[in-house]
Amino acid sequence: MVPKKCFLTKGFGVHKDRLASFELALREAQIEKYNLVTVSSILPPNCKLVSREEGIKQLPAGEIVYCVLAKNDTNEPHRLVSAAVGTAVPVNENNYGYISEHHTYGEDEVTAGEYAEDLAATMLATTLGIEFDADCAWHEREQVYKTSGHIIDTTHYCQTAYGDKEGKWTTVIAAMVFIE
């Protein structure tokens, strides 16, 4: 059971009930009609990234669907929440890549997204034996990773939102959804 396709999605929801807020975030991400099973961080070999629209067409309602899911929520007014997934794809598509999830407070979309991307790239780099200075900034390490000839692409997908001003639950999600 190795997925051949995947897609990225994100969403947010606001509601007086925490669970309903999560449901609304899933609806905005268009994955509310699936039985989601969260998995860890491996991007399968030869797994093709497709658009969300193309991916959803291939999944019937009620299907058990595996995903890497980042989720965060708050009921504190004006508190910034974020959820991001990052990916790192090896040059050799027969090798596996990495997906990371990051959920945090107070980070904007770029900061949280780049952190998730950095996590995925660093995990892949360490398995490939790429030497790097862990204390360098992400953009410096990114260049080292990509010029190593082993990592072809890194990316991130992030959703942020500020907590509802009236204290309703605000939920953000970002996910890499797998299609078998």
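## A tour around helix α3

Start by selecting the buried residues of α3: Ala112, Gly113, Ala116, Glu117, Asp118, Ala120, Ala121, Leu124 and Ala125. Keep in mind as you go that this is a predicted model. For the spacing of that list, it helps to recall that an α-helix has 3.6 residues a turn, so residues three or four places apart point the same way.

**The whole helix.** Now extend your selection to residues 109-128, the full run of α3. How far apart should the ends of this helix be? At 1.5 Å a residue, its 20 residues should span 28 Å, and the end C-alpha atoms are indeed 28 Å apart, so expectation and model agree.

**Its two ends.** Go to the start of α3 and show Asp108 with Val110: a side-chain oxygen of Asp108 comes within 3.3 Å of the backbone nitrogen of Val110. Then jump to the other end, where Gly129, just after α3, has a positive phi of about 75 degrees.

**Glu117.** Next, centre on Glu117, which belongs to helix α3. Is this residue buried or exposed? Its relative accessible area is 6%, and because the cut-off for buried is under 20%, Glu117 counts as buried. Show side chains here and you will find a polar contact of 2.6 Å between those of Glu117 and Thr154. Beyond its neighbours within four places in sequence, Glu117 also touches other residues, including Gly86, Ser100, Thr155 and His156. Trp138 and Glu142 are among its contacts too, and they lead to the next stop.

**The partner helix.** Add α4, residues 138-147, to the view. Two packed helices are described by the angle between their axes and the distance between the axes. For α3 and α4 the angle is about 40 degrees and the axes are 11 Å apart, and the pair is therefore oblique. Their crossing is left-handed. To see the interface, select Glu114, Glu117, Asp118, Ala121, Thr122 and Ala125 on the α3 side, which meet Trp138, His139, Arg141, Glu142 and Tyr145 of α4.

**Two loops to finish.** Most residues other than glycine have a negative phi. Against that background, select Asn46, in the loop between β3 (42-43) and β4 (48-49): its phi is near 60 degrees, a positive value in a non-glycine residue. Asn46 is partly exposed, with 39% relative accessibility. Last, pick His78 in the loop between β5 (64-74) and β6 (80-90). His78 is not a glycine either, yet its phi is positive at about 65 degrees. With a relative accessible area of 55%, His78 is exposed.

How values were computed
Residues are numbered from 1 along each chain as its sequence is written. This is a predicted model: local features need pLDDT of at least 70, side-chain atom pairs count only at pLDDT 80 or more; totals for chains, interfaces and linings use all residues. Side-chain values use heavy atoms; hydrogens and water are left out. Helices (H or I, at least four residues) and strands (E, at least two) are DSSP runs, numbered from the N terminus. The expected span of a helix is 1.5 Å times one less than its number of residues. Buried means under 20% relative accessible area, exposed over 50%, partly exposed in between (1.4 Å probe, protein chains only). A polar contact is a pair of N or O atoms within 3.5 Å; within protein, one must be able to donate a hydrogen and the other to accept it, and residues adjacent in sequence count only if both atoms are side-chain atoms. Axes are lines fitted to C-alpha atoms, for helices over the stretch in contact, and angles run from 0 to 180 degrees between N-to-C directions. Angles under 35 degrees count as roughly parallel, over 145 as roughly antiparallel, 65 to 115 as roughly perpendicular and the rest as oblique. A crossing is left-handed if the near helix is turned anticlockwise from the far one by less than a right angle, and right-handed if clockwise. Contact means heavy atoms within 4.5 Å.
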